[in-house]
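Here are some exercises to work through with the model open beside you. Try each task before you read its solution.

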Amino acid sequence: MTNPSIAVLEALHNACSQNADILKPAEKQLQDWEIHPGFYSVLSEIFSNHSIDVNVRWLAVLYCKNGVEKYWRKTAPNAMKEEEKELLKERLISNFNEPVHQISLQLAVLIAKIARVDCPRNWSRLLPVLFEAVRCHDEHTQEQALLVLHHVTKTLASKRLPGDRKLFEELTNDVFSFILGLWTTTLDQFGQLALKQSDNSNNSLDKSILALRILRKQTAFGFKEPGENADVNIFLKQIFTRFKQMLDCRQSMWGNHQVIEKCEKIIILMTKVLLDLVDMHPVTFIPLIRPSLELTVAYNFSESEKGLLFEKFTVNCFNLMKSIVLCDMYKPLRNSSELTEPMRQESCKIKTEFFTFATLSEICRRLVSQYFLLSSEDLNTWDTDPEEFCQEEIGDSYRYSIKPCTEALFLALFKENRMSLSPVLIEMVHQIQLTSDPNDIMAVLRKDAVYNAVGLSAFDLFDDINFDEWFTSHLLSELTNRHVNYRIIRRRVIWLIGQWVGVKMSQSLRPNLYQALIPLLAKEEDLVVRLEAAQTLKTAVDDFEFSVDQFLPFLETLFSLLFQLLQEVRECDTKMQVLHVISFVIERVGPKIQQYATALIHYLPALWQESAEHNMLRCAILTTLIHLVQGFGTSCSCMFNFLLPVIQMSTDVTQDQYIYLVEDGVELWHVTLQNTSASTDHMLQLFSNMTGLL
């Protein structure tokens with residue numbers, strides 16, 4: 001190795017150290033070398049040398065990948081020299097025999113990043129070399145080449161300019177047939193090896209997963225009309241037989257976790273192929289509508305196949321059915337009584353024939369009675385960490401779990417088939433109201449699920465339910481049952497009322513609702529129920545039919561209970577949620593809040609200090625202060641000892657949190673000026689922040 005190579009190798013070795021005194025100088029040295037000519041050539045020399053320590057080689061690839069991101073483009077500051085680029089590109093595709101998977105994965109990503117910029121104009125050799133390696137008979141070389149082709153395919157498929165799309169179509173045309181054949185062969189090999197319980201079945205699955213990932217992107221982006229290509233049609237027809245093969249293998253290989261995990265990956269990828277197709281090529285998907293719907297029903301709404309389910313598969317099946325139901329291409333034209341488009345006519349006919357009343361009603365019943373039920377895990381979280389239970393239902397992880405997908409499918413089916421499904425749901429309501437034994441937890445959970453369905457479909461049930469009568473004759477009494485299991489129903493009923501309050505609830509019944517909320521917000525009530533009641537109160541006061549005069553008799557009690565709730569909850573997200581409710585109440589009642597807000601005003605400075613690491617909570621505090629200032633008017637000067645330092649901090653561009661707080665901070669400053677009768681020295685000092693803001 002040359003002297004520069006030895007120096008870089010030593011720095012990389014030190015950068016892998018656990019000793020900070022060795023690690024930090026090495027990282028600084030490597031960072032300084034990033035803009036030196038020849039640095040990336042040396043890195044490629046190091047990561048290509050299999051005799052060097054794996055951790056050092058892996059770090060070399062990472063530094064090379066980061067350098068490509070920063071300095072590859074000709075217009076970048078300190079851009080790489082063309083000679084160094086050519087050396088690096090040639091070295092990257094000179095062989096595909098990397099023995100360490102983590103390094104081969106990073107190399108594939110690195111090649112794809114370069115391909116995005118240079119392929120094909122400035123890297124014409126990449127694709128021919130890749131195609132040759134993919135067709136190689138050496139197992140290891142072929143698998144590594146497939147890994148690289150997958151990442152290159154994924155990268156090139158994301159480019160949208162016409163020239164780039166044409167290039168990707170040419171790439172697809174060159175290799176699709178071979179990749180399809182490889183996928184078919186490897187899955188057949190896996191089936192044979194799985195029967196013999198052979199360990200080699202893993203290798204076949206690995207190749208099959210990579211081939212399927214490539215086929216997915218090429219099917220979606222590599223053809224103007226995929227349905228006109230014979231190989232694509234073979235691929236799509238094959239998917240449905242492969243579903244059964246993979247689900248059966250997953251069942252028969254129970255205990256072999258590696259194989260099960262890979263089978264599940266293939267199943268999920270196949271559902272993603274169908275999801276991409278219905279979204280991007282709905283005409284091509286028309287022949288697949290019926291088999292896709294049959295697949296979803298067979299595996300998710302029948303007892304015989306229940307053991308074959310796993311959550312990601314169910315989520316994708318439900319999303320697939322929802323996409324078919326909502327696709328505009330598969331709906332009759334609204335401005336014409338005649339279906340003039342043959343494709344549209346065919347798709348409508350398929351849907352109509354499949355979604356008979358019997359099928360629709362069975363799907364509806366099973367969605368509600370099977371998938372809407374709270375699980376034992378949900379109830380355990382409710383008991384052990386009620387705040388986490390509430391946050392799970394609004395967080396990102398919830399949006400990608402099975403419950404929101406189930407609810408979205410239910411709503412799609414209900415909106416498209418309201419006349420058929422309304423009587424079914426109303427019948428379910430009548431059935432669950434006949435049983436009210438709180439000791440029967442399954443009956444309680446079924447009632448919770450049905451009420452959930454009625455709340456979700458509030459707009460669609462407008463003409464079918466007399467909500468005022470139901471509210472007064474039944475729902476109010478549900479809120480008074482204090483059995484420990486009935487907290488589930490109290491929480492669901494107050495949520496249900498929140499869903500209907502702006503849809504079909506008479507203004508004259510609002511006082512009854514406010515009165516019902518008081519015990520639900522009290523300290524003795526379950527915390528989850530209290531938090532749900534707070535959200536319903538927010539919905540009620542934010543409604544356009546809200547009357548301050550109707551609300552005033554309950555203001556003191558409800559505001560006091562909200563303040564107690566704000567003090568009791570621990571998590572910042574929950575405090576922020578309650579604070580938003582308080583802000584809504586303050587905004588709607590205006591000056592009437594003055595005599596009830598003293599305790600809140602004294603509490604906010606402490607909350608501001610506690611939230612030093614939580615900028616979003618501080619934003620909620622600023623919003624509350626804005627409404628308080630507007631409510632207090634010229635009397636807001638009583639808050640200046642806290643108010644003005646908060647404005648000072650949130651509008652100071654030198655503060656780290658400035659970017660989060662400035663918008664609300666400036667608005668708070670503005671409303672404070674509007675509601676102040678006389679200037680003070682501290683208020684004038686705030687203008688030192690104005691130069692930075694301007």
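**Exercise 1. How much space lies in the largest cavity?**

Before the solution, some ground rules: this is a predicted model, where local features need pLDDT of at least 70, side-chain atom pairs count only at pLDDT 80 or more, and totals for chains, interfaces and linings use all residues. Residues are numbered from 1 along each chain as its sequence is written, and side-chain values use heavy atoms, with hydrogens and water left out.

Step 1. Pin down the term. On a 1 Å grid over the protein atoms alone, a cavity is a set of points where a 1.4 Å probe fits but cannot get out, and lining residues have an atom within 4 Å of a point. Points are joined across faces, edges and corners, and the volume is the space filled by probe spheres set on them.

Step 2. Take stock: there are two cavities of 30 Å³ or more. The largest holds about 40 Å³.

Step 3. Look at the walls. The lining is made up of Leu-156, Ala-157, Lys-159, Arg-160, Arg-165, Phe-168 and Phe-221. Both α8 (139–157) and α9 (162–195) supply at least two residues each; helices here are DSSP runs (H or I, at least four residues), strands are E runs of at least two, and both are numbered from the N terminus.

Step 4. Sort the lining by class: four nonpolar, no polar and three charged residues. For this sorting, Ala, Val, Leu, Ile, Met, Phe, Trp, Tyr, Cys and Pro are nonpolar, Asp, Glu, Lys and Arg are charged, and the others, Gly among them, are polar.

**Exercise 2. Describe the protein chain as a whole.**

Step 1. Count the elements: 35 helices and zero strands.

Step 2. Check the extent. Along the principal axes, the C-alpha atoms fill a box of roughly 80 × 75 × 55 Å.

Step 3. Look at burial. Of 694 residues, 54% are buried (buried is under 20% relative accessible area, exposed over 50%, partly exposed in between, with a 1.4 Å probe and protein chains only).

Step 4. Look at contacts, meaning heavy atoms within 4.5 Å. Of the contacts with a separation of 6 or more, 73% link residues 24 or more positions apart.

**Exercise 3. Which residues of α16 are buried?**

Step 1. Check the helix length. α16 (residues 342–354) has 13 residues and reaches 18 Å from first C-alpha to last, close to the expected 18 Å; the expected span is 1.5 Å times one less than the number of residues.

Step 2. List the buried set: Arg-344, Ser-347, Cys-348, Ile-350, Lys-351 and Phe-354. They cover an arc of only 160° around the axis, so they sit on the same side of α16. The arc is taken from the directions from the helix axis to the C-beta atoms.

Step 3. Now turn the helix round: Pro-342, Lys-349 and Thr-352 are exposed on the other side.

Step 4. Find the cover, which includes α14 (289–300), α15 (311–326) and α17 (357–371).

**Exercise 4. Do the same for α5, then try α27.**

Step 1. In α5 (residues 82–92), the buried residues are Glu-84, Lys-85, Leu-88, Lys-89 and Leu-92. These fall within an arc of 130° seen down the axis, so they line one face of α5. An α-helix has 3.6 residues a turn, so residues three or four places apart point the same way.

Step 2. Name the partners: the buried residues of α5 pack against α3 (39–47), α4 (54–71) and α6 (101–118).

Step 3. Move to α27, which is mostly covered, with 12 of its 15 residues buried. Its cover includes α18 (376–384), α19 (386–392), α25 (487–500), α26 (510–521), α28 (548–568) and α29 (572–589).

**Exercise 5. Track down some backbone oddities.**

Step 1. Recall the background: most residues other than glycine have a negative phi, and most peptide bonds are trans.

Step 2. Go to the Cys-119 to Pro-120 bond, which is cis, with omega near 0°. Pro-120 sits in the loop between α6 and α7 (126–134).

Step 3. Go to Asn-78, in the loop between α4 and α5. Asn-78 has a positive phi of about 60° though it isn't a glycine, and is partly exposed at 47% relative accessible area.

**Exercise 6. Is Cys-405 buried or exposed?**

Step 1. Locate Cys-405 in helix α21 (residues 402–416).

Step 2. Read its relative accessible area: at 7%, Cys-405 is buried.

Step 3. Skip neighbours within four places in sequence, and Cys-405 is in contact with Val-315, Phe-318 and Asn-319.

How values were computed. On a 1 Å grid over the protein atoms alone, a cavity is a set of points where a 1.4 Å probe fits but cannot get out, and a pocket is an open set with protein on both sides within 12 Å along at least five of seven lines; lining residues have an atom within 4 Å of a point.
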